[in-house]
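Got a model on the screen and wondering what backs up the labels people put on it? Let's go through some of them together.

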Amino acid sequence: MDKLDAIFSPESIAVIGASTQKGKVGHDIFANILYGGFQGTLYPVNPKARSILSVKCYQTIAHILDPIDLAMIILPPRPAVKAVEACIAKGVKGIVIVSAGFKEVGGEGLEMEKKIQQLCQDADIRLVGPNCLGVINPSPGVSLNASFSNRMPQPGNISFISQSGALCTAVLDFAADQGFGFSKFVSIGNKADVDELDLLRYYHADPNTDVVMIYMEELSCDAQTFIREVREMTSGLNPTPVIAIKSGTSDAGAAAAASHTGSLAGSDAVYDAIFSQSGIMRCSTVNELFDYAKALACKKVPRGDKIAIVTNAGGPGIIATDMSENSGLKLAKFTQDTIRELHKYLPPTANFHNPVDVIGDAARDRYENTLATVISDPGVDSVLIILTPQSMTDAMGTAEAIVNIARSEVKPIVCAFMGVVDVSDGVHLLQENHVPVYQFPESAARAMGALYANNRWLSRRRLPQYEMSHDVEKARAIIDGYMAQGIDTLGELDGNEILKCYGFNTLEMALATTADEAVDIARKIGFPVVMKIVSPQILHKSDAGGVKVGLNNEAAVKKAFDSIIKNARQYNAKATLDGVLVQQMATKGKEVILGVSRHAASGHVIMFGLGGIFVEVYKDVVFRMAPMGRNVVRRMIKAIKGYPILTGVRGEAPADIEALEKNLVSLSAMVKNHPEIKELDINPLFVHVGGEGTTVADIIISLAPPA
Ligand SMILES: Nc1ncnc2c1ncn2[C@@H]1O[C@H](COP(=O)(O)OP(=O)(O)O)[C@@H](O)[C@H]1O
Ligand SMILES: [Mg+2]
């Protein structure tokens, strides 16, 4: 028995603050529970009313003789505290506080919320809210609509968690139109007690929930715990797909054109990282959320990425083809047998290759025979059927044929019945029989892409971790030295020392304060060398004309020294110039960026991407939360658009991706061992050809006491 059962499947409910006045929340919630056909017993509580909607009213919860599982409280903060005390005395098992005016307004509201939180914690009672829409469980044995939406959704296998109450009513309305069924539905409001992780655990264990949708504004629990637990839920022994929509995507920080991790790792990047490491599919619109949920709810898995498209109109077939490819799918190539078979059923003007065009005058039989044929092709993993209403089209008959085939078929089928009025009978039939149906081919293709992405997540490879040893003590001593002196930016030389402790390959270098000194150093290192300005005020050295590469002789070094100093003075007359760094020139390689940024709420986020102008212009970077091991890192590297540049295009040798993986895993270990690291940027790291490792060419580390 889970404590949340008392909230989702109570046998008795007391509505405290139930009202006789129609239109008041206290009235409407009571009415919704009553008219929603709640299967348990319902008790209104209001000291001033004799009855509400003909149901005898109780003065206080203590006046109810029977035991109460769930108390719904609709009262302002102060009386709500009193009500919670009374509920605890009565021995209720769960509480939902719908009313607002708590933490979100601050002051006394916040104080009252804290009090209630403590009361419930001490009494070991779970609390949903305050400031929420309520709870809905449409399953026939419960039939609970404890919310202020008067719409009871159909029962189904999708559960929903929403941080916004207002969105819930819109979702319910939308769901009704889409023939969408819910298992459990909750709005969590201020999350004084029950939060998204509690609910995910509950839904994951719920045999009636096959898909979870979340609308999230902010994560309230620890990011690392969330990732660890949710990853198990989405891909462990009993996987439940989770789809999320997260508000606040436009981040002022992310918009800034800057090339360091701190400015790119806005809160949205952090959520991207949390979601992808947890295996949560992220949607950008509510529409997409529904589209994916609908497809996942059918519980069929495409074994591979090969899709067959069947259409009665050319244009939509092309749109579906494009969107399939954008969604990670490929068009299946039919066997000769399949094509021969299709010739039996289709007119000569048809297209027998994928996407199959059954021609505008296709009635039921052509769709039926074509679907049956292509779905049995061994090279086909999934099918998308497009129907546009034309004069010969039989939407109902075609839907019937699809339902029949879908019933006995393991390969997933999605449909796009384009239109509203002419196809509605067919659409309803498909919906009733749980065949995902969409209004547009692009939505159908995208949803199939989501099914395949989920399958890839489930069947991802898990390789053993790398064995690596690090000189943690030495790195700590360097960092402690800076912290003790209150210096927050590490010089290039010490930055390199720390990286060396973590197995990074660095270049020989030394600081020169005169041109002659620079020549001496260059002679020792060996030509060619690179020279760079060293100044605490100049972080982006190239911008100041402060970097010269490929210096091949002593004269070039001398000249470079003078011009670097001159450029730096021109760039910033007030900058302190410590000198010029003379550095060994790295051998050729692909330039990438590795970065770290520490966030107060969620810890260290690690960035990877292509370096140089790719960071600034394309922002082709990905983020993951530390700690991360080899497997997370492997997928992280693959996630950038420019990944083929690393594997080698046009006959180029592949870069040493394994060495890069090890660097990223080490970086994760580094920030775990040294929480003082606030920001770090290695840009560029040269990734040499396979087997030749990587080289650090530029490093900035900044420190701050850990939170
Ligand atoms: N040691 C080196 N070997 C080869 N190329 C280098 C080396 N150091 C810097 N570069 C090149 O010069 C560019 C700018 O140097 P960098 O030290 O990253 O300065 P900043 O990023 O401050 O402008 C690098 O992106 C890289 O292409
Ligand atoms: Mg750089």
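What follows is a set of questions and answers on this predicted model.

Q: What makes helix 4 a straightforward case when its reach is set against the expected one?
A: Helix 4 covers residues 107–123, which is 17 residues. From first C-alpha to last it reaches 25 Å, close to the 24 Å expected at 1.5 Å a residue.

Q: Which residues of helix 4 are called buried?
A: Those are Gly 109, Met 112, Glu 113, Ile 116 and Cys 120. The label asks for under 20% relative accessible area.

Q: How do you know where the buried residues of helix 4 sit around its axis?
A: Look down the axis: the buried residues fall within an arc of 100°, so they line one face of helix 4. As a general matter, an α-helix has 3.6 residues a turn, so residues three or four places apart point the same way.

Q: What do the buried residues of helix 4 pack against, and what is on the face turned away?
A: They pack against helix 3 (77–90), strand 6 (94–97) and strand 7 (126–128). The face turned away from the buried side carries Gly 107, Lys 114, Gln 121 and Asp 122, which are exposed. Just after the helix, Asp 124 takes a positive phi of about 60°.

Q: How do you know whether Cys 132 is in a disulfide or not?
A: Its nearest cysteine sulfur belongs to Cys 168, 8.7 Å away. A disulfide needs the two sulfurs within 2.5 Å, so Cys 132 is in none. The structure as a whole holds zero disulfides.

Q: Why is Cys 415 without a bond to Cys 298?
A: The sulfur of Cys 298 is the closest cysteine sulfur to that of Cys 415, but at 10 Å it is too far for a bond.

Q: Why are Cys 132 and Cys 415 called buried?
A: Cys 132 has a relative accessible area of 3%, and Cys 415 comes out at 0%. The cut-off is under 20%, so both count as buried.

Q: Is Gly 236 called buried or exposed, and what is the value behind it?
A: Its relative accessible area is 19%, and buried means under 20%, so Gly 236 is buried. This glycine lies in the loop between helix 7 (223–235) and strand 13 (242–246). Its C-alpha is 8.2 Å from that of Leu 458, 222 residues apart along the chain.

Q: What makes residues 496–532 a named domain here?
A: The name comes from an unreviewed UniProt entry, which lists them as "domain: ATP-grasp". In the model that span is 46% helix and 22% strand, with its end C-alpha atoms 15 Å apart.

Note on methods:
Residues numbered from 1 in each chain as written. Chains lettered and ligands numbered in written order. Predicted model: local features only at pLDDT ≥ 70, side-chain atom pairs only at ≥ 80, totals over all residues. Heavy atoms only, no water. UniProt positions renumbered as here; feature names shortened; annotations may be inferred. Helix = DSSP H or I, 4+ residues; strand = E, 2+ residues; numbered from the N terminus. Buried < 20%, exposed > 50% of the residue type's maximum accessible area, 1.4 Å probe, protein only. Expected span 1.5 Å × (residues − 1). Arc of directions from axis to C-beta. Contact = heavy atoms within 4.5 Å.
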